[in-house]
Amino acid sequence: LETDAAAAAAHAAAAAVEVAQAAVAKADSSKLKAHAKTAALAAAQVLDAVDVVSSHAAAMLADLEVEREAHLEEATRVGEAVKRHEERVKAASAARAASVQRRQDLKEE
């Protein structure tokens with residue numbers, strides 16, 4: 001979403017630069033030409049700012065992807081450890097039950 005918004009903003013700023021440059025070319029008075037040049041400069045500055053924000057957003061998304069992968073790997077390790085623990089608990093429980101049964105059998109004899 002952020003990259004789509006940045007792309008849309010870049011497109012809009014580039015269009016504003018083109019419109020302002022066309023206004024400079026068609027301006028028939030020096031005052032109008034000066035205003036059009038100011039608008040072209042402002043639109044170019046917006047385009048530069050959008051490029052910077054877009055670059056930062058891309059870097060942040062890349063960092064988040066790396067962090068997400070690390071969390072997934074950690075979650076997998078934890079899940080495997082939980083499974084191993086559950087298997088040990090089941091084995092210990094079965095061993096206790098067998099021990100209790102042996103004691104019970106010995107008492108009955």
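**Exercise 1. Work out how the end-to-end reach of H2 compares with the span expected at 1.5 Å a residue.**

Step 1: count residues. H2 has 79 of them, and helices here are DSSP runs of H or I with at least four residues, while strands are E runs of at least two, numbered from the N terminus.

Step 2: get the expected span. The recipe is 1.5 Å times one less than the number of residues in the helix, and for H2 that comes to 117 Å.

Step 3: compare. From first C-alpha to last, H2 reaches 115 Å, close to the expected value.

A quick note on ground rules: this is a predicted model, where local features need pLDDT of at least 70, side-chain atom pairs count only at pLDDT 80 or more, and totals for chains, interfaces and linings use all residues. Residues are numbered from 1 along each chain as its sequence is written, and side-chain values use heavy atoms, with hydrogens and water left out.

**Exercise 2. Decide how the protein's radius of gyration compares with the globule rule.**

Step 1: list the secondary structure. The protein has two helices and zero strands.

Step 2: apply the rule. Taking the radius over C-alpha atoms, the globule rule is 2.2 Å times the number of residues to the power 0.38. For 109 residues that gives 13 Å, but the protein's radius is 35 Å, so it is more spread out than a compact globule.

Step 3: look at the axes. The C-alpha trace spans about 120 × 15 × 10 Å along its principal axes.

**Exercise 3. Find out how much of the protein is buried, and which residues of H2 are.**

Step 1: set the cut-offs. Buried means under 20% relative accessible area, exposed over 50%, and partly exposed in between, with a 1.4 Å probe and protein chains only.

Step 2: read off the share. Of the 109 residues, 11% count as buried.

Step 3: name residues. In H2, Ala36, Ala40, Ala43, Val50 and Ala57 are buried.

**Exercise 4. Track down the salt bridges and say which residues form a network.**

Step 1: define the contact. A side-chain nitrogen of Lys or Arg must sit within 4 Å of a carboxyl oxygen of Asp or Glu. The structure has three such bridges.

Step 2: start at Arg68. Its side chain meets Glu65 at 2.8 Å, N to O, and Glu69 at 3.0 Å. That links Glu65, Arg68 and Glu69 in a network.

Step 3: check the spacing. Arg68 and Glu65 are three residues apart in helix H2 (residues 30–108), about one turn.

Step 4: add the remaining pair. Arg77 bridges to Glu74, with the closest N and O atoms 2.7 Å apart. These two are also three residues apart in H2, or about one helical turn.

Step 5: check exposure. Arg77, at 46% relative accessibility, is partly exposed, and Glu74 is partly exposed at 39%.
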